[in-house]
Amino acid sequence: MPFTIPKHIAIIMDGNGRWAQRRGYPRVFGHVRGSSRVKGIVKEASQLGVKALTLYAFSTENWSRPEAERKVLFRLLKKYVIREGEELYAENVRLRVIGELERLDSDVREVLNNLIQKLSGNTGLQLTLAISYGSRTELTRAAALFAKDCQEGKVRPEDMNEALMEKYLWTAELMDLAPVDLFIRTSGEYRMSNFLLWQAAYAEFLFLEKHWPDFTEGDLRLAIEVYNKRDRRYGGVKP
Ligand code: IPE
Ligand code: IPE
Ligand code: MG
């Protein structure tokens, strides 16, 4: 079997708070350390030839966290976007954001939009940040958009199929890269937490005990090795 690089890797970057608390620091320190890991992982994915990387940065459910913690998270996000722009450009990375962007503060939206624009001509790794993202919101919104298009006579109910459904999802622009091949979650939690429910329907899952601030480029390479030992049958049988 040849060694294959998964085309689309999705990561739930979890465990920042526990990483910090275990060391006697406030939770937000874990976010600082966690966010500093993103740069290296993006670069490694790019250099390994991964085509799409989707990172769960903030969920719809994370709005329930204390305002002080939310503030730190968005400040770190802004910092990452401002600081890494040049390197992402040099690395030929293209950026997208999925989620309820209308809920973000305008300054956060602005720095994101600027970088998305700057990287829009790039053709390498397709980096997607999931911010205020939740699959259930994505799917209900898709249903509403489809209903509206039916009402306006643009499509008919009988046109709905899986390919058309995908055009209504936030990941539509990824096209054939939208299905997740390898789904990684750090921090020892074995759940999806509302991340890419549709897109990960046939993903290979890897749950790691490590917390996100400890996740290294080597861990990403190991995850890809594990992925290579999986037998993806898609419901079929081997000839
Ligand atoms: C992941 O770490 C970061 C976000 C959810 C934004 P957590 O903050 O969830 O850390 P734990 O899981 O509580 O340790
Ligand atoms: C999922 O982690 C969201 C992100 C990592 C951005 P959470 O820590 O919010 O999820 P739960 O609470 O463990 O399900
Ligand atoms: Mg968590």
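Helix 1, helix 2 and helix 3 each contribute at least two residues to the shell around ligand 1, and this shell is a convenient place to begin reading the structure, which is a predicted model. Among these elements helix 1 gives the most to the shell, with 3 residues. Altogether 13 residues surround ligand 1, and the closest of them are D14, G17, R18, R27 and R65. When the shell around ligand 1 is sorted by class, it divides into 3 nonpolar, 5 polar and 5 charged residues.

**Ligand 1 and ligand 2 in the largest pocket**

Where does ligand 1 sit? Ligand 1 sits in the largest pocket, and ligand 2 sits in the largest pocket as well. The residues around ligand 2 are I12, M13, D14, Y56, A57, F58, N62, R65, R185, R191 and S193. Strand 2 provides the largest share of this shell, namely 3 residues. By class, the shell around ligand 2 holds 5 nonpolar, 2 polar and 4 charged residues.

The table lists polar atom pairs between the protein and an oxygen atom of each ligand.

| Ligand | Protein partner | Distance |
|---|---|---|
| Ligand 1 | G15, polar backbone atom | 3.3 Å |
| Ligand 1 | G17, backbone N or O atom | 2.9 Å |
| Ligand 1 | R65, side-chain N or O atom | 2.6 Å |
| Ligand 2 | D14, polar side-chain atom | 3.1 Å |
| Ligand 2 | R65, polar side-chain atom | 3.3 Å |
| Ligand 2 | R191, side-chain N or O atom | 2.8 Å |

For ligand 1, the contact with G17 runs through the backbone of that residue, whereas the contact with R65 runs through its side chain, at 2.6 Å. Taken alone, ligand 1 exposes 380 Å², and the protein buries 88% of that area. R65 also appears beside ligand 2, where a polar side-chain atom of R65 lies 3.3 Å from an oxygen atom of that ligand. The side chain of R191 places an N or O atom 2.8 Å from an oxygen atom of ligand 2. Taken alone, ligand 2 exposes 390 Å², of which the protein buries 78%.

**The walls of the largest pocket**

Rolling a probe the size of a water molecule over the atoms shows where empty space is left. In this model the largest pocket holds about 660 Å³ of space. Its lining is made of 31 residues, and those nearest the centre of the pocket are M13, Y56, A57, F58 and N62; each of these five names can also be found in the list of residues around ligand 2. Which elements supply at least two residues each to the lining of the largest pocket? They are helix 1 (16–22), helix 2 (27–48), strand 2 (52–59), helix 3 (67–90) and strand 4 (126–133). By class, the lining of the largest pocket divides into 15 nonpolar, 10 polar and 6 charged residues.

**The cavity**

Besides the pocket, the structure holds 1 cavity of 30 Å³ or more, and about 60 Å³ of space lies in the largest cavity. The residues that line the largest cavity are K39, V42, K43, Y80, E84, E87, L88 and E91. Helix 2 and helix 3 each supply at least two residues of this lining, and helix 3 gives the most, with 4 residues. How many nonpolar, polar and charged residues does the lining of the largest cavity have? It has 3 nonpolar, no polar and 5 charged residues.

Helix 2 and helix 3 therefore deserve a second look on the structure, since, with the elements counted as DSSP runs, helix 2 and helix 3 each supply at least two residues to the shell around ligand 1, to the lining of the largest pocket and to the lining of the largest cavity.

How values were computed. Residues numbered from 1 in each chain as written. Chains lettered and ligands numbered in written order. Predicted model: local features only at pLDDT ≥ 70, side-chain atom pairs only at ≥ 80, totals over all residues. Heavy atoms only, no water. 1 Å grid on protein atoms, 1.4 Å probe; cavity = no way out; pocket = protein on both sides within 12 Å on 5 of 7 lines; lining within 4 Å. Points joined across faces, edges and corners; volume = space filled by probe spheres on them. Nonpolar A, V, L, I, M, F, W, Y, C, P; charged D, E, K, R; others polar. Near = heavy atom within 4 Å. Polar contact = N/O pair within 3.5 Å; in protein donor to acceptor, adjacent residues only side chain to side chain. Areas by Shrake-Rupley, 256 points an atom, 1.4 Å probe, with all protein chains shown as cover. Sits in = over half its atoms within 2 Å of the grid points.
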